[in-house]
Amino acid sequence: RSGFAALIGRPNVGKSTLLNALTGEKIAIVSPKPQTTRNRILGVVTRPEGQVAFIDTPGIHQAKGELNRYMVEVALHAAEEVDLVLFLIEPPSGEKLEVSPGNRTILERLQRIGKPTFLVINKIDTLPKAALLPLIDLYRKEFPFAEVVPISAREKDGVERLFHAVLGHM
Ligand code: GDP
Ligand code: MG
C-alpha cells in the first residue's frame, strides 16, 4: 500500500508537529507563531506495511494580503492532489462547543474537493477526557469523515494508530 496524504487545518493546530512525529525527524518548523509553513513540505514514512507521503501545508485562515491568499491556495491545491486529507483541529479554547467558523469554511471547501477526509483531533493532552466524545459527535453530525482519530502530536499519542488508519485507506 502507498499514497499521498495532506495535512490541512487552521494555523497552529499542530500540522507541522504531526509531520515531525510521523517521520521522526524535524522536517517542518514548529512554531507558536502562525504561518510559519509558507509552502508545502513533504515527509515520507516507509514501513514494511506500506509507504505514505505526507504533505504539510500552510494554515488556512481568513486571508489578508497576497502572500496569505497564496498560502491558502497552496494548502487547498494540496488537497486536490492527494489520496486522503487529514483535517486537523485542536480542542476549542472556550466553553462553547461548536464547529468554529474558520473550521467550517475549510470543511466546506474540502467537501467541494471531495477527497476522503479524516478528522484528526490534535492536542488531546489538553482536553478533559469527557470532552472528547461530544466534540467528535459535533463534527460527525455535520460533516462526513472517513474516520475520526484523536491524537497528541506533541506526546506522540495516537500517531502510530493514525498512520495505520491512513494506510488502511490507501
Ligand atoms: P501548525 O501551524 O499547524 O503547523 O502548528 P505547529 O505544529 O507549528 O504547532 C503550533 C503550536 O502547537 C506549537 O507551539 C506546538 O508545540 C503546539 N502543539 C502541537 N501539537 C501539540 C499537541 O499535541 N499538544 C499540545 N499541547 N501542543 C501541541
Ligand atoms: Mg506549520
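**Note on the predicted model: ligand shell, core and helices**

1. The residues of the shell around ligand 1 comprise twelve polar, five nonpolar and four charged. This is a predicted model, and the points below should be read in that light.

2. Around ligand 1 there are 21 residues, of which Gly14, Lys15, Ser16, Thr17 and Arg154 come nearest. Among the secondary-structure elements, α1 gives the most to this shell, with three residues.

3. Helix α1 is largely enclosed by the rest of the structure, because eight of its nine residues are buried. These are Lys15, Ser16, Thr17, Leu18, Leu19, Asn20, Ala21 and Leu22. Lys15, Ser16 and Thr17 thus appear both in the buried set of α1 and in the group that comes nearest to ligand 1. The elements against which the buried residues of α1 pack are β1, β2 (41-47), β3, β4 and α5. Just after the helix, Gly24 has a positive phi of about 70°.

4. Strand β1 pairs with two strands discussed here. With β3 it runs parallel, joined by six bridges; one pair of bridge partners is Gly3 in β1 and Val52 in β3. With β4 the pairing is again parallel, over five bridges, and there Ala5 has Leu84 as its bridge partner.

5. The largest nonpolar core counts 39 residues, and those with the most contacts inside it are Ala6, Leu7, Ile8, Leu86, Phe87 and Val120. At least two core residues come from each of β1 (2-9), β3 (50-56), β4 (84-89) and β5 (117-121), and likewise from each of the helices α1 (15-23), α2 (66-81), α3 (101-113) and α5 (159-168). Strand β4 supplies the largest share, six residues.

6. Leu86 shows how parts of the chain meet in this core. Apart from neighbours within four places in sequence, Leu86 is in contact with Ala5, Ala6, Leu7, Ile8, Phe118 and Val120. Of these partners, Ala6, Leu7, Ile8 and Val120 are themselves among the residues with the most contacts inside the core.

7. Which residues of α5 are buried? They are Leu162, Phe163 and Val166. Viewed down the helix axis, these buried residues fall within an arc of 100°, so they line one face of α5. The face turned away from the buried side carries the exposed residues Arg161 and His164. Helix α5 is also one of the elements against which the buried residues of α1 pack.

Note on methods:
Residues numbered from 1 in each chain as written. Chains lettered and ligands numbered in written order. Predicted model: local features only at pLDDT ≥ 70, side-chain atom pairs only at ≥ 80, totals over all residues. Core = buried A, V, L, I, M, F, W, Y, C linked by C-beta atoms within 7 Å. Buried ≥ 20, exposed ≤ 12 C-beta atoms within 10 Å, placed from the backbone. Helix = DSSP H or I, 4+ residues; strand = E, 2+ residues; numbered from the N terminus. Contact = placed C-beta atoms within 7 Å. Near = placed C-beta within 6 Å. Nonpolar A, V, L, I, M, F, W, Y, C, P; charged D, E, K, R; others polar. Pairing = 2+ DSSP bridges. Arc of directions from axis to C-beta.
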